[in-house]
Amino acid sequence: MWKKMKTWLDVRIGLNDFVRTKIVDYRIPKNINIFYTLGFLAVIAYAVQAFTGIVLLIYYIPHPDHAFKSVQDIMAKVPYGWLFRQMHVVGSNLMITVAILHMITVFLMGNYKRPRELTWLGGGISLLLTIIFGFSGYLLPWTQLSYWATTVVTSMPTAFPVIGDSIALILRGGDQVTEVTLSRFFALHVAILPPIFLTFMGIHLLLINRIGISATPFGMVDEEKRPLTEYKRKTHPDGYPYYPVFFQKQMYMMMAYFAVMFFIVTFLPNLFFPEEANLPADPFKTPPHIRPAWYLLAPYQLLKLIPNKFFGITIQMILLTIFLAWPFLDTYQEKNVLKRPILRGVFIFLLVMWVVLLFWGRNP
Amino acid sequence: MKRRRFLKIILAFLGSITLFSFVNSFLKFLAALPARTAEINKLIIHKNEIPSGEAKNIIYRNAPAVIINRSDRGFIALSRVCTHFGCLVEYNRAERRLICPCHAGNFDLEGNVLSGPPPKPLRAIPLRIDGENIILG
C-alpha cells in the first residue's frame with residue numbers, strides 16, 4: 001500500500017528524484033558545525049509561533065473592553081489555553097534569541113561575505129520584522145506593561161522633524177494609544193506582517209539554495225576568494241550527505257529548543273510576565289519603572305542616557321543601517337575573524353556594550 | 001517620437017497617476033479616526049477640592065491633565081503627557097515637582113523642564129477662577 005502510494009506520487013511529481021537530489025545526494029561541507037543549524041531552528045521557532053498564534057486567535061478579542069479579559073480567560077478558563085499562550089510568549093522570546101544567535105554566528109564565520117551580501121540583508125530584514133512582530137504582539141493583551149511600552153515606542157518617531165508627528169499619528173491612529181491602535185497592531189500582527197515576513201524569509205532561503213552553503217573559514221582554504229565574475233553555485237562534492245548527518249544535528253537542536261521552551265513554561269512561568277503584565281491597561285496611570293521587552297532594553301537605555309531625543313534615535317538608525325549594509329562595507333577578503341583583530345575587538349566591544357545596556361536598562 | 005517611446009511615456013504617466021492616487025487614499029485611510037469618547041470641553045472644579053500644596057488629576061479634552069494648587073502662586077493646569085515619550089507625569093508633593101516614571105524627566109510646577117530628557121515644557125492649559133470655582137475651557 002505504502003509502496004503503491006510512493007509510486008503514484010513519484011510518477012506525478014518526481015518524488016524519488018526530489019528525495020535523491022535535495023536530501024540524500026545533497027552534500028554539505030565536511031567542517032560544518034552545530035551553529036549552522038540555527039537558521040533551521042529559527043524556521044522551526046517561526047512555525048511554532050504561527051501555530052500557537054492561530055490557536056490563540058480562536059479566543060482572543062481585539063477590543064480594549066475585552067482584550068485583557070479574553071487573555072485572562074485563555075490562561076484560566078480555556079482548557080490548556082495557558083499552555084498555548086505560554087508557548088507563544090516564551091516562543092517569541094526564544095525566536096528572537098535564536099535569530100540573534102544566527103546572525104552573530106554568521107557574522108563570526110564571515111558567511112555574509114560575497115556573494116552572500118543579499119542573503120545577509122534578507123536575514124537582517126527578517127530579524128527586524130521579527131522584532132516588529134514581538135512589539136506589535138506586545139500591545140494585544142492590553143496590560144499596563146503593553147499599553148505604556150507601546151506609548152513610549154510609538155512616541156519615538158516624534159523625534160524626527162516635519163514628518164515625525166505624522167508617523168506617530170499613523171502608527172497610533174490618534175494622539176494616544178486607544179482602541180484604534182489596538183486594531184492597527186492586531187491587523188499588523190496577524191495579517192500584514194506574516195506575508196511580508198514570509199516573502200523575506202522565502203527570498204533568504206531561495207538565496208541560500210541558489211548560492212549554496214558556505215564552508216566555515218576555520219581550518220580550510222576559502223574557495224570564495226576567486227574573482228567574482230560569473231554566477232557559480234557553491235557545491236561540496238566531497239562533503240557529507242545532508243541526510244542523515246546534518247539532519248540529525250538539526251533534530252538534536254530542535255529537541256534542545258523545545259526542552260528549553262518547556263523548561264521555562266514549567267519551572268519559570270513568570271519569567272516574561274512582570275507584575276505590570278498582569279494588570280489591565282490604565283491609560284491614566286503610568287506604572288513606575290516601565291520598560292520594554294529585553295530585546296529592546298539596550299536601545300531603550302541608550303535613549304535614557306542621551307539627552308537629545310533626535311540624536312538618540314538618529315544614532316540608533318545609523319547603527320542599524322551599518323548592521324544591514326555591513327557586507328557591502330566590509331570588502332576585506334579574509335573571512336576568518338580570528339585573523340582580524342580590529343574587527344574582533346569592535347565586535348566584542350559592541351557585544352559587551354549591548355549586554356551592559358541591557359542589564360542597565362533592567363534596573364529602575 | 002517613436003511609437004514605442006510614446007507608449008512608454010504614456011505607461012509611466014498612467015502608472016504615476018495610479019500610484020499617487022492610491023498612496024494618497026491609503027495615507028488618508030490610515031489617518032486618525034475621531035475620538036469615540038465624548039470630549040469634555042468645559043470642566044468646573046471647586047477650589048476646596050485641591051488644598052494648598054496638593055494636586056488633582058483630571059481628564060480634559062480626552063487627555064490626562066493635572067491642576068496644582070501652588071502655595072505661593074495659586075492654581076495652574078498642566079497636561080500630564082510627558083513631552084519626551086508620552087508617559088504620564090506624577091505630582092510629587094515632597095519635591096514640589098512633576099516626575100515622569102519612564103525616563104526620569106523632572107518638571108517644575110510651571111511645567112518647565114528641570115532635568116532629564118524631555119525636550120519641551122509640559123503644555124499649560126488655560127484656566128480661570130470664578131469665585132470658588134476653577135474653570136477650564
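What percentage of the 137 residues in chain B is buried? Keep that in mind while you load things up, and remember that you are looking at a predicted model.

**Stop one: chain B on its own.** Hide the rest and colour by secondary structure. You'll find one helix and eleven strands. Walk along the sequence and the helix comes up ahead of the strands, giving α-β-β-β-β-β-β-β-β-β-β-β.

**Stop two: the outline of chain B.** Switch to a C-alpha trace and line the view up with the principal axes: the trace spans about 85 × 35 × 20 Å. For a compact globule of 137 residues you'd expect a radius of gyration near 14 Å, but chain B comes in at 25 Å.

**Stop three: burial and contacts in chain B.** Colour by burial now, and here's the answer to the opening question: buried residues account for 24% of the chain. Next, look at the contacts in chain B between residues at least 6 apart in sequence; 34% of these link residues at least 24 apart.

**Stop four: where chain A meets chain B.** Bring chain A back and select the residues in contact across the two chains: 20 on chain A and 18 on chain B. On the chain A side, pick out helix 7 (144-155) and helix 8 (164-172), the elements that each give two or more residues to the side touching chain B. Linger on helix 7 of chain A, which gives the most, with four residues.

**Last stop: the make-up of that side.** Keep the chain A side selected and recolour by residue class. You should see eleven nonpolar, six polar and three charged residues on the side that touches chain B.

Notes:
Residues numbered from 1 in each chain as written. Chains lettered and ligands numbered in written order. Predicted model: local features only at pLDDT ≥ 70, side-chain atom pairs only at ≥ 80, totals over all residues. Rg over C-alpha atoms; globule rule 2.2 N^0.38 Å. Buried ≥ 20, exposed ≤ 12 C-beta atoms within 10 Å, placed from the backbone. Contact = placed C-beta atoms within 7 Å. Nonpolar A, V, L, I, M, F, W, Y, C, P; charged D, E, K, R; others polar.
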